[in-house]
Structures are given as C-alpha cells and as structure tokens.
Amino acid sequence: MYTLQIEHGVKDFEMWKGAYGADPLGRIRSGVLAERIFRPVGDQHYVVLDLDFASRAQAQEFLDRLRSDVWSTPVASPALASGPKTRIVEQVNRDGRA
C-alpha cells in the first residue's frame with residue numbers, strides 16, 4: 001500500500017471542502033482506495049490528507065495530475081493559501097503493529 005500525503009494551508013476550510021468534494025480528478029477512478037482528512041488542533045486553516053493507492057505508480061500519477069491540473073491555477077484551487085507539501089510513503093506493516 002502506498003499513501004500520498006498532502007498538506008497545505010487553506011484560506012477557508014468550507015471552501016476547500018467544497019472544492020475537494022467536487023472531486024475534479026475522480027479519486028476512485030484514479031485508484032484511491034481510502035482517504036483521510038486531518039486538521040491540526042487549533043489551526044482551522046491547514047489541511048493534511050492521506051490518500052491510499054495499491055501502487056506507487058498510481059500515487060505518483062495522481063500527484064502529477066494534482067500539480068498540473070489543479071494546483072497550477074488559482075481558478076482550479078481557490079482555497080489554497082500555501083503551496084502543498086507532498087510525499088509518497090509505503091506501508092511496511094499490515095496489522096497495525098510495529
């Protein structure tokens with residue numbers, strides 16, 4: 001399992017949530033198996049996402065599409081307040097234990 005981790009500032013969480021919910025890249029169609037959305041305690045203007053994929057290639061392709069089709073223009077990402085930080089991580093345990 002591979003997880004695309006994304007974090008960035010948002011101007012308005014509800015605006016961001018609406019744009020995320022519109023799903024412009026088709027997360028399921030793109031191979032997203034599960035997703036988790038987090039906000040740091042005490043900071044309503046920051047979002048952390050985990051998007052799970054079966055393969056590293058799917059995660060990388062989705063990230064590439066985010067960069068080229070969504071984050072590259074303010075019209076496509078009106079709620080972004082800061083440049084996204086991203087990384088792809090690989091799950092190394094399967095049962096939740098170290």
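**View 1. What covers the buried residues of helix α1 in this predicted model.** The cover over the buried residues of α1 includes three strands, namely β1 (2-9), β2 (34-38) and β3 (46-53). The residues in question are F13, W16 and Y20, which are the buried residues of the helix spanning residues 13-22. Because F13, W16 and Y20 cover an arc of only 60° around the axis, they lie on the same side of α1. The face turned away from this buried side carries the exposed residues E14, G21 and A22.

**View 2. The two ends of helix α1.** At the N-terminal end, α1 is capped by D12, of which a side-chain oxygen lies 3.1 Å from the backbone nitrogen of E14. Just after the helix, the backbone of D23 takes a positive phi of about 55°.

**View 3. The open sheet of four strands and the helices packed on it.** The strands of this open sheet follow the order β2-β3-β1-β4, and their pairing is antiparallel. Since β2 and β4 stand at the edges and have a single partner strand each, one side of each of them is left without a neighbour in the sheet. On average, and with direction ignored, neighbouring strands are turned by 15° against each other. Helix α1 packs on this sheet, where it touches β1, β2 and β3, and its direction makes about 20° with that of β3. Helix α2, made up of residues 56-70, also packs on the sheet, but its contacts are with β1, β3 and β4, and its direction makes about 25° with that of β1.

**View 4. Strand β3 and its pairing with β1 and β2.** Strand β3 is mostly covered, with seven of its eight residues buried. With β1 it pairs in the antiparallel sense over eight bridges, and in this pairing V47 of β3 stands opposite H8. With β2 the antiparallel pairing of β3 runs over five bridges, and here V48 in β3 is the bridge partner of F38.

**View 5. The surroundings of H8 in strand β1.** H8 has its place in strand β1 and stands opposite V47 in β3. Its relative accessibility is 3%, and because buried means under 20% relative accessible area, H8 counts as buried. Leaving aside residues up to four places away in sequence, H8 touches W16, H45, Y46, V47, L80, S82, G83 and P84. One of these contacts, W16, is itself among the buried residues of helix α1.

**View 6. I88 in strand β4, and the pairing of β4 with β1.** I88 is found in strand β4, which covers residues 85-90. With a relative accessible area of 26%, I88 is partly exposed, because this value falls between the 20% under which a residue is buried and the 50% over which a residue is exposed. Not counting residues up to four places away in sequence, I88 touches Y2, T3, L4, A59 and Q60. The C-alpha atom of I88 is separated by 11 Å from that of Q58, a residue 30 places apart from I88 along the chain. Strands β4 and β1 pair in the antiparallel sense over six bridges, and E90 in β4 stands opposite Y2.

Technical notes. Residues are numbered from 1 along each chain as its sequence is written. This is a predicted model: local features need pLDDT of at least 70, side-chain atom pairs count only at pLDDT 80 or more; totals for chains, interfaces and linings use all residues. Side-chain values use heavy atoms; hydrogens and water are left out. Buried means under 20% relative accessible area, exposed over 50%, partly exposed in between (1.4 Å probe, protein chains only). Contact means heavy atoms within 4.5 Å. The arc is that of the directions from the helix axis to the C-beta atoms. A polar contact is a pair of N or O atoms within 3.5 Å; within protein, one must be able to donate a hydrogen and the other to accept it, and residues adjacent in sequence count only if both atoms are side-chain atoms. Two strands pair if DSSP finds at least two bridges between them. Axes are lines fitted to C-alpha atoms, for helices over the stretch in contact, and angles run from 0 to 180 degrees between N-to-C directions.
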